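Colleague: Could we take a close look at one part of this model, the place where the ligand sits? I would like one connected account.

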Amino acid sequence: MKKGKIYGVGLGPGDSELITVKAEKIIRKSEYFFFFKKKGNKGRAFEIVENIIRKDAIKVSLEYPVTTEVHFSSKEYKVLLNEFYGKCVKKIQIILNKNIDICILCEGDPLFYGSFIHLYEKLRNNFEIDIVPGITGMSGAWTATKIPMIWGKQILTVLMGTLDEETLRKHIKITDGLVIMKIGKNFKKICKILKDEGAFNNAYLISNATTSLEKVTKLNENVHSSVPYFSIILINKFMEKM
Ligand SMILES: C[S@@+](CC[C@H](N)C(=O)[O-])C[C@H]1O[C@@H](n2cnc3c(N)ncnc32)[C@H](O)[C@@H]1O
């Protein structure tokens, strides 16, 4: 029996003009969309392409059961998210088994810390999947600073703010360029570590890069104790000279 095909489409960091020609062609043709979203939000990936999606297309939002209310390393979080991704896969399989192609909208790049990976892992053995790369959030963030990020033989490290203190410290000490993503409730912990390691005063905080809400500040100028979900901290050797 013929099955539908999956398009996992990267849509960049927020600016709707920062999607690829290939992504746009697929979105304009597609009739069936899936995308992740948090409660109360439209979903960043959906918002990026909302205006180019066909009016008669079917749009299915996959709403996370929890985000930061439950700690990500708790058993409860893992069980809830596992159940959630299982249900998402079932919904998608039903459509694919009717021989309908679907498009999974992904903020940034689908294979770079994206929720898409959870679906991909469960579906890739049974269905045909095409993936379109996208500009990552971190690329949007360092472009917003207008400061070069990395060059020559320098080493770039990407860390999740959700990592434990010891791991964060270990990597912060030895790298030339540093990207810290998923900051959220870990903001204070990250600031403390950066201060201890002497990296705080050179660091930049970029929120909602490439969108109308974009904000670029030096971390030591940021007076807020919390930051938006779409925020990234960047530190590098070029910033030391700024
Ligand atoms: C689940 S990851 C998704 C990463 C995405 N797939 C990518 O390619 O960048 C979400 C994290 O990416 C970062 N992020 C993504 N887009 C961003 C943007 N436009 N501005 C600031 N941070 C962003 C934030 O740190 C956020 O917590």
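What follows is a walk through the surroundings of the ligand and then the chain that holds them.

Modeller: Please keep in mind throughout that this is a predicted model. Around the ligand there are 18 residues, and those that come nearest are Glu107, Asp109, Phe112, Gly137 and Ser231. Two of these nearest residues also appear among the polar contacts made through the backbone: a backbone N or O atom of Asp109 is placed 2.8 Å from an oxygen atom of the ligand, and a polar backbone atom of Gly137 likewise lies 2.8 Å from an oxygen atom of the ligand. Ala209 contributes a backbone N or O atom as well, at 3.0 Å, but here the partner is a nitrogen atom of the ligand. On its own the ligand has 560 Å² of accessible area, and the protein covers 96% of that.

Sorted by class, the shell consists of nine nonpolar, five polar and four charged residues. Both domain 1 (6-135) and domain 2 (138-240) take part in this shell, each supplying at least three residues.

As for the chain around this site, its secondary structure comes to eight helices and ten strands. Its radius of gyration is 19 Å, close to the 18 Å that the globule rule gives for 242 residues, so the chain is as compact as a globular protein of that length. Along the principal axes, the C-alpha atoms fill a box of roughly 60 × 40 × 35 Å, and 48% of the 242 residues are buried.

Conventions:
Residues are numbered from 1 along each chain as its sequence is written. This is a predicted model: local features need pLDDT of at least 70, side-chain atom pairs count only at pLDDT 80 or more; totals for chains, interfaces and linings use all residues. Side-chain values use heavy atoms; hydrogens and water are left out. A residue is near a molecule or strand if one of its heavy atoms lies within 4 Å of it. A polar contact is a pair of N or O atoms within 3.5 Å; within protein, one must be able to donate a hydrogen and the other to accept it, and residues adjacent in sequence count only if both atoms are side-chain atoms. Accessible areas come from the Shrake-Rupley method with a 1.4 Å probe; for residues, only the protein chains shown count as cover. Ala, Val, Leu, Ile, Met, Phe, Trp, Tyr, Cys and Pro count as nonpolar, Asp, Glu, Lys and Arg as charged, and the others, Gly among them, as polar. Domain bounds come from an automatic or database domain assignment. Helices (H or I, at least four residues) and strands (E, at least two) are DSSP runs, numbered from the N terminus. The radius of gyration is taken over C-alpha atoms; the globule rule is 2.2 Å times the number of residues to the power 0.38. Buried means under 20% relative accessible area, exposed over 50%, partly exposed in between (1.4 Å probe, protein chains only).
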